[in-house]
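User: Please take a close look at a single part of this model and explain the terms as you go. I would like one sheet described strand by strand, and then what lies around it.

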Amino acid sequence: MSENTEKIKCLIIGSGPAGYTAAIYAARADLKPVLIQGMQPGGQLTITTEIENYPGFPEGITGSAIMENFHKQAARFGTDIRWGSISEVDFTKKPFKLKTEEGNEILADTVIIATGATAKWIGIESEVKFSGYGVSACATCDGFFYKGKVVAVIGGGDTAVEEALYLAKLCKKVYLIHRRSELRASKIMQNKLFNTPNVEMIWNNLPKEIVGTESGFIKSVNGIILTNTITAEETKLDLDGVFRAIGHKPNSDIFKDKLELHPNGYIKTQPGSTKTSVNGVFAAGDIQDFHFRQAVTAAGSGCMAAIEAERYLCTI
Ligand code: NAP
């Protein structure tokens, strides 16, 4: 073994709720886990503001505070938490061989993948500026803050329609803004949407800019400027929040051809389990879940992955 190679029992890739929960369980089971945090330490929750639907926090908690707690709890039981990313994996031989971006080699008896997914960005500067302050990618997480207000959802797939239907129950009005003149979403979802009185469709439009006010750290959205994709005409809508729902991209690029993936790029796991197509490699959280995508479900599957990894280690 070269000096840049180390051998460990359990490697966890990713530091969202799934990765840290797997770490807490794996560390308590004495698997001495190493957790590589990835490009966005703390994961998607660090770019939301208040989390009010994670059980155990009756007053809510900010996304960054809850992830700091996850981190501390995993560290408390001895998880070796490291900055950086994994850039290469070889699951053809055991122990599994992984390379960090810095060029170090890790040989691991078992691997838990919790690299998550990333909500796609529309591609305009102002959505980044107001992210967490009027721009969100999760109605279930942030919809509550827009009770009685006017919001827009961007997109035309099942996620956009689902988000719009969820928000319609809370908000005074929901605009669904789509770049074409027909939705991609399933017909049954479309029927529900078109029968929801406080949803208004804005067809053939793309966001040009999200506008609002800014005073120091305090920012809020008060409108959106749209460009008609056919006439190029610009219009402004007054509203309080914008939900982007143009799809998620699973962070699975390095696992292509190494594990079985769904056609949409998410890692395939066995039903009711976190087992992937390679014995000894487990996947938890959003990287294998394109249905629920909640912090609490991710954490639950992280727990499952650690328990399954522990059982697997008893068999080798
Ligand atoms: P999706 O089906 O890929 O739809 C993305 C939507 O965003 C499309 O309408 C697309 O427009 C639009 N879009 C993409 N890039 C855009 C951009 N830069 N600017 C503006 N609009 C843009 O993604 P999804 O809705 O997240 O669904 C992903 C998968 O999960 C699908 O298979 C879906 O059926 C499934 N899903 C199922 C359920 C359910 O069954 N309850 C719920 C959620 C998701 P175009 O239509 O013009 O391409």
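Analyst: What follows starts with one sheet and then turns to other parts of the chain.

The model is predicted, and for that reason local features need pLDDT of at least 70 and side-chain atom pairs count only at pLDDT 80 or more, while totals for chains, interfaces and linings use all residues. Residues are numbered from 1 along each chain as its sequence is written, and side-chain values use heavy atoms, with hydrogens and water left out.

Two terms come first. Helices (H or I, at least four residues) and strands (E, at least two) are DSSP runs, numbered from the N terminus. Two strands pair if DSSP finds at least two bridges between them. Strands of a sheet pair through backbone hydrogen bonds, either parallel or antiparallel.

The sheet to look at is an open one of five strands in the order 10-17-11-12-13, and its pairing is parallel. Its edges are strand 10 (135–136) and strand 13 (199–202), each of which pairs on one side only.

Start with strand 11 (150–154). On one side, strand 11 pairs with strand 12 in the parallel sense over five bridges. In this pair, Ile154 stands opposite Ile177 of strand 12. Strand 11 also pairs with strand 17, again in the parallel sense, over four bridges. Here Val151 is the residue opposite Gly241 of strand 17.

The next term is burial: a residue is buried at under 20% relative accessible area, exposed at over 50%, and partly exposed in between (1.4 Å probe, protein chains only). Five of the five residues of strand 11 are buried, so the strand is largely enclosed by the rest of the structure. In a regular strand the side chains alternate between the two faces of the sheet. In strand 11, Val150, Ala152 and Ile154 point one way, whereas Val151 and Val153 point the other way.

Strand 12 (173–177) comes next. Strand 12 and strand 13 pair in the parallel sense over four bridges, and Tyr175 faces Glu200 of strand 13 across this pairing.

A helix goes with these strands. Helix 5 (residues 158–168) lies across strand 11, strand 12, strand 13 and strand 17 (241–244), and runs at about 170 degrees to strand 11. Such angles run from 0 to 180 degrees between N-to-C directions, with axes as lines fitted to C-alpha atoms, for helices over the stretch in contact. Strand 11, helix 5 and strand 12 together make a right-handed β-α-β unit. The crossover is called right-handed if, with the strands pointing away from the viewer, the path from the first strand over the helix to the second runs clockwise.

Past strand 12, a loop leads to helix 6 (187–194), and Ser181 lies in this loop. Contact means heavy atoms within 4.5 Å. With its neighbours within four places in sequence left aside, Ser181 is in contact with Trp203 and Asn204. Ile106 is 75 residues from Ser181 along the chain, and their C-alpha atoms are separated by 50 Å.

A second sheet can be set beside this one. Three strands form an open sheet in the order 14-15-16, and here the pairing is antiparallel. Strand 14 (205–215) and strand 16 (234–238) stand at its edges with a single partner strand each, so one side of each is left without a neighbour in the sheet. On average, neighbouring strands of this sheet are turned by 30 degrees against each other, direction ignored. Strand 15 (residues 218–228) pairs with strand 16 over five bridges in the antiparallel sense, and Ile225 is opposite Lys236 of strand 16.

The cysteines come last. A disulfide is a covalent bond between the sulfur atoms of two cysteines; the cut-off used is sulfur atoms within 2.5 Å. A search of the whole structure finds one disulfide, which joins Cys138 to Cys141 with an S to S distance of 2.1 Å. The torsion about this S-S bond is about 75 degrees, so the disulfide is right-handed. Cys138 and Cys141 are both buried. Cys10 is in no disulfide, and the nearest cysteine sulfur, that of Cys314, is 12 Å away. That distance is too far for a bond. Cys10 is buried, with a relative accessible area of 0%, whereas Cys314 is exposed, with a relative accessible area of 66%.
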